[in-house]
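Subject: Handover of a structure and notes on what was found

Dear colleague,

Please find below the structure that I am handing over to you. My notes follow directly after it, and I would be grateful if you read them with the structure open.

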Amino acid sequence: MIYKTYGKLGYNVSAVGCGGMRFDLEKSNEENAELIHYANSKGITYFDTAPGYCKNRSEDIFGIALQNM
């Protein structure tokens, strides 16, 4: 994985990100959270979400995933 230094504090974030716009609406929030866990296990540390993504479910999915990381 390629990492880039981000911001004045020098955090390293992955050059590849995982966005919340394309979650599967047929799956539960918990099932979609597994995608975030998988991405993180592969070294992805850059995640993107917004209130309007995935019919307003994206931030809930990220919340579930981050609670269990």
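The notes below go from the whole chain to single residues.

Please bear in mind from the outset that this is a predicted model.

**The chain as a whole**

The protein chain contains two helices and four strands. Their order along the sequence is β-β-β-α-β-α. Along the principal axes, the C-alpha atoms occupy a box of roughly 35 × 25 × 20 Å. Of the 69 residues in the chain, 29% are buried. Among contacts with a separation of 6 or more, 63% are between residues 24 or more positions apart. The accessible surface amounts to about 5,000 Å², and carbon and sulfur atoms contribute 51% of that area.

**Charge and surface patches**

The chain carries 7 positive and 8 negative charges, and the mean positions of the two groups lie 11 Å apart. One negative surface patch consists of Asp24, Glu26, Glu30, Glu31 and Glu34. Within this patch, Glu34 belongs to helix α1. Its relative accessible area is 53%, so Glu34 counts as exposed, the cut-off being over 50%.

There is also a nonpolar surface patch of about 290 Å², to which Met1, Tyr3 and Val16 contribute. Tyr3 sits in strand β1, which covers residues 3–6. With a relative accessibility of 39%, Tyr3 is classed as partly exposed. Tyr3 can take part in a patch because patch residues need over 30% relative accessible area, and Tyr3 has 39%.

**The loop between β4 and α2**

Several of the findings fall in one loop. Strand β4 spans residues 46–48 and helix α2 spans residues 58–67, and Cys54 lies in the loop between them. Lys55 is found in that loop, and Gly52 is placed there as well.

What is the sign of phi at Cys54, which is not a glycine? The phi of Cys54 is positive, at about 55°. Lys55, a residue other than glycine, has a positive phi near 55° too. Most residues other than glycine have a negative phi.

Are these residues buried or exposed? Cys54 has a relative accessible area of 7%, which means that it is buried, the limit being under 20%. Lys55, in contrast, has a relative accessible area of 65% and is therefore exposed. Gly52 is exposed as well, with a relative accessible area of 54%. Gly52 also pairs with a residue distant in sequence: Met21 is 31 residues away along the chain, while the C-alpha atoms of the two are 8.3 Å apart.

**Ser58 in helix α2**

Ser58 is part of helix α2. Its relative accessible area is 0%, so Ser58 is buried. Which residues does Ser58 contact, leaving aside its neighbours within four places in sequence? The partners of Ser58 are Gly20, Phe23, Thr49, Ala50 and Tyr53.

**Ala39 in helix α1 and Asn68 after α2**

Helix α1 runs over residues 29–41 and includes Ala39. Ala39 is buried, because its relative accessible area of 8% is under the 20% limit. Apart from residues up to four places away in sequence, Ala39 touches Cys18, Ile44 and Phe47.

Asn68 belongs to the segment after α2. Its relative accessibility is 55%, so Asn68 counts as exposed. Two C-alpha distances place Asn68 relative to other parts of the chain. The separation from Ala39, 29 residues away along the chain, is 14 Å. The separation from Ala33, 35 residues away along the chain, is 9.2 Å.

**Points to look at in the structure**

When you open the model, I suggest the following views:

- the loop between β4 and α2, with buried Cys54 and exposed Lys55;
- Ser58 together with its contacts, including Phe23 and Tyr53;
- Ala39 with Cys18, Ile44 and Phe47;
- the negative patch that includes Asp24 and Glu34, and the nonpolar patch of Met1, Tyr3 and Val16.

With kind regards

Key. Residues are numbered from 1 along each chain as its sequence is written. This is a predicted model: local features need pLDDT of at least 70, side-chain atom pairs count only at pLDDT 80 or more; totals for chains, interfaces and linings use all residues. Side-chain values use heavy atoms; hydrogens and water are left out. Buried means under 20% relative accessible area, exposed over 50%, partly exposed in between (1.4 Å probe, protein chains only). Patches are made of residues with over 30% relative accessible area and no salt bridge: like charges are joined within 9 Å, nonpolar side chains (Val, Leu, Ile, Met, Phe, Trp, Tyr) within 5 Å. Accessible areas come from the Shrake-Rupley method with a 1.4 Å probe; for residues, only the protein chains shown count as cover. A salt bridge is a side-chain nitrogen of Lys or Arg within 4 Å of a carboxyl oxygen of Asp or Glu. Contact means heavy atoms within 4.5 Å. Lys and Arg count as positive and Asp and Glu as negative; His and the chain ends are not counted. The place of a charge is taken as NZ of Lys, CZ of Arg, CG of Asp or CD of Glu.
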